[in-house]
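Visitor: Please take a close look at a single chain for me. I want its build, its contacts and its unusual backbone spots.

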Amino acid sequence: MALVLSLRVGAGSLTTELRDVVRRASAQVGQAVEIPSAVADRMSDEVAAQAVADVLEVRRRERSVPADVLALHIG
Amino acid sequence: MPSRYHLVAFGPAEVAKPEALLASVAQLKGTALGQPSLQQWKAILSHLNSSGAKTLLIQDGVRDPDFLEEYEAFYSRQQRSVSRLCIRVHAFKLDCPDPVPTASQQLLAFVDEAASQQDSYLGFVTIRPLRHAPVGATIIQDLPSIPALCKDYFPVHIAGTKFTVHGTPYLQQDNAVGACAQASIWMALRTLRRRAGNSAYSPAQLTVSATKYTALNRVFPGRGGLTVGQMLEAIRASNHDPLVIPIQVSGKQKPEAVIRQAQPYLESGLPVVTLLHHPKTLGHAVVAIGLSPAPAVNHSPAGLLIHNDNEGPYLELPRSVAGGSDKYSLAHTTNLIVPLPEGVFMSAAEAEPQAMAALSFWLPSFLVTPAVPGGLTLNPAILRTYLCTRHSFRSWAKDCAQLDSAAKDVYRISEMPRLVWVIEIHDSTVYDPNKPGLQSRVGEVVLDSAADALHGDALVFIRLTSKLVPVPTTQPGLLVTGEGAVIALATGEAVGGITEPWGKD
């Protein structure tokens, strides 16, 4: 089954700056508004930080192929 | 001059006597020491009957490239004369003329008439001259009631006329040149051949590639199968990047875990080689090519749709079987192998937390009132994740009438990686896994499949709509690009999902 989404959303440290960007975008619907570079520089770090524990857990699982599985005879 | 072709009327009577039909079309008859292996042939006949086949066109003297290599590697060495030629059985929905024509002109008229009728051709079965393993390279259409997700269009030429079969290649192991391990890899790679642009590897070539560096016994006959390590080597030799997903969950959670981990790849059109271990019958490999229909909306698929070289094509691998049974089920899964295209560095399991992080990062900025301490719970939603070509993504954007026009422009014009992970967010009260095109999609996250999930540089697009949350939003929709632009969208209608992420071309 596709993953059932259960997500609670709070406010991040950049929310205030981003709300300002969204407000400016809302004033000109359909037009692209650039995110200030100072915010953009911090943005990917913050997104990555939110996912890091989950991604590391996935990597741990995907990397730990038991040796006896690799030696299993399939035929 | 004797004709290479003849027609046979087909229906339930022929399905009921598979041995007689096999003897008639391929002269494969039992002896005191050996009976023909019929299980796969029976399953194919039953499938063709369910598909509405009415006529079989038998083609003699076929030089099947896969069998020719099996012949060179093994059967040509035998004292007994084994033909290097195969029989090919083509199936049509068109009624067989009565009386059955024998003259070439009438037979060609049948072929030409079949070509003029859309969807008349159902595919072909190659019959090897081997009593113990008659079913060679086979491509027949799937059933609309249980569609395969991993399939392709294959051209077939008969007497100067071109037909096309839309299906998933199937092969029975011969237990000499290859076992179920090679058969499963062959089925997976042949399905991907045109899309990946790789060479067609025969079972014999796969066996040689698999045992190039580590052979634990003789290479031929390969009755013992392959180890998982050897299987990975064979897939790697074909220019695919095998992703191994160990199933480390046990008990009742295991079938659900297998489906959840296989589903993103199946939805991507990538066959999943599924390794099974049964206490009685030991190690076996099948190839998963689709999902058994979910019993209802908002339910998980009932199992996996598989090609089982030991039993037949388009069968269902159930979640479990009765205790004491020697049949396989999802509960016997040890791990999954996905032959990924080159350059896909992020797995589906890594992509999903990335999408969740991007979603929880951007949603607070989209709300009229900032989220209260403790957070805001989203409307019930389901993620559908798949690997998609940029061409298919843009094509979907172009054709999706409900998609906001500004989003449509950005999706069609922006630079995109060759392959992206698309994480569709669906309204779970409407989403039907059997109908991904249904308009239940309320947003999506698009990630670069070649990015490193840990460095936060994977985001290509995220589109949010007001339907995601139970509170007011600043606009009906919001689109953010990985290049740092924010676009307020005038509309936020639910849209359909992409049904063929790999595209037709």
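Guide: Two strands count as paired if DSSP finds at least two bridges between them. Helices (H or I, at least four residues) and strands (E, at least two) are DSSP runs, numbered from the N terminus.

The model is predicted: local features need pLDDT of at least 70, side-chain atom pairs count only at pLDDT 80 or more, and totals for chains, interfaces and linings use all residues. Residues are numbered from 1 along each chain as its sequence is written, while chains are lettered from A and ligands numbered from 1 in the order in which they are written.

Take the chain contact to begin with. Strand S3 (residues 32-34) of chain A and strand S21 (residues 485-489) of chain B run antiparallel, joined by 3 bridges. Within that pairing, Glu34(A) faces Ala485(B) of S21(B). In total, 72 residues of chain B contact 49 residues of chain A; a contact means C-beta atoms, placed from the backbone, within 7 Å. H10(B) gives 15 residues, the largest share of the chain B side. By class, that side has 42 nonpolar, 25 polar and 5 charged residues. Here Ala, Val, Leu, Ile, Met, Phe, Trp, Tyr, Cys and Pro are nonpolar, Asp, Glu, Lys and Arg are charged, and the others, Gly among them, are polar.

Now H10(B) itself. This helix covers residues 348-366 of chain B, 19 residues in all. From first C-alpha to last it reaches 27 Å, close to the 27 Å expected; the expected span is 1.5 Å times one less than the number of residues. Of its 19 residues, 19 are buried. Buried means 20 or more other C-beta atoms within 10 Å of the residue's own, exposed means 12 or fewer, and partly exposed lies in between, with C-beta atoms placed from the backbone.

Next, the domains. Chain B is assigned domain 1 (5-167), domain 2 (180-342) and domain 3 (348-489); the bounds come from an automatic or database domain assignment. The C-alpha centres of domains 1 and 2 of chain B are 25 Å apart. Their contact takes 22 residues from domain 1 and 24 residues from domain 2. On the domain 1 side, helix H3 (39-51), helix H4 (65-73) and strand S5 (135-140) of chain B each give two or more residues.

Then the sheets. An open sheet of 5 strands in chain B is ordered S1-S2-S3-S4-S5, with antiparallel pairing. Strand S1 (5-9) and S5 of chain B are its edges, each pairing on one side only. Neighbouring strands turn by 20° on average, direction ignored. Axes are lines fitted to C-alpha atoms, for helices over the stretch in contact, and angles run from 0 to 180 degrees between N-to-C directions. S1(B) pairs with strand S2 (residues 55-62) of chain B over 5 bridges, and His6(B) has Ile58(B) as its bridge partner there. Helix H2 (residues 18-26) of chain B lies across S1, S2, strand S3 (86-92) and strand S4 (121-127) of chain B, at about 120° to S3(B).

A second open sheet of chain B has 6 strands, in the order S9-S14-S10-S11-S12-S13, also with antiparallel pairing. Its neighbouring strands turn by 35° on average, direction ignored. Strand S11 (residues 282-291) and strand S12 (residues 303-308) of chain B pair over 4 bridges. Ala288(B) stands opposite Ile306(B) there.

Strand S16 (residues 381-389) of chain B is largely enclosed, because 9 of its 9 residues are buried. Ala381(B), Leu383(B), Thr385(B), Leu387(B) and Thr389(B) point one way; Ile382(B), Arg384(B), Tyr386(B) and Cys388(B) point the other. S16(B) runs antiparallel to strand S17 (residues 419-427) of chain B, with 9 bridges. Leu383(B) faces Ile425(B) in that pairing.

Last, the backbone. The Asp98(B) to Pro99(B) peptide bond is cis, with omega near 0°. Pro99(B) sits in the loop between S3 and helix H5 (104-116) of chain B. Phe220(B) and Pro221(B) also share a cis peptide bond, with omega about -5°. Gln27(B), not a glycine, has a positive phi near 55°. Gln27(B) lies in the loop between H2 and H3 of chain B and is exposed, with 11 C-beta neighbours inside 10 Å. Asn175(B) has a positive phi of about 60°, but is buried, with 21 other C-beta atoms within 10 Å.

Conventions: Contact = placed C-beta atoms within 7 Å.
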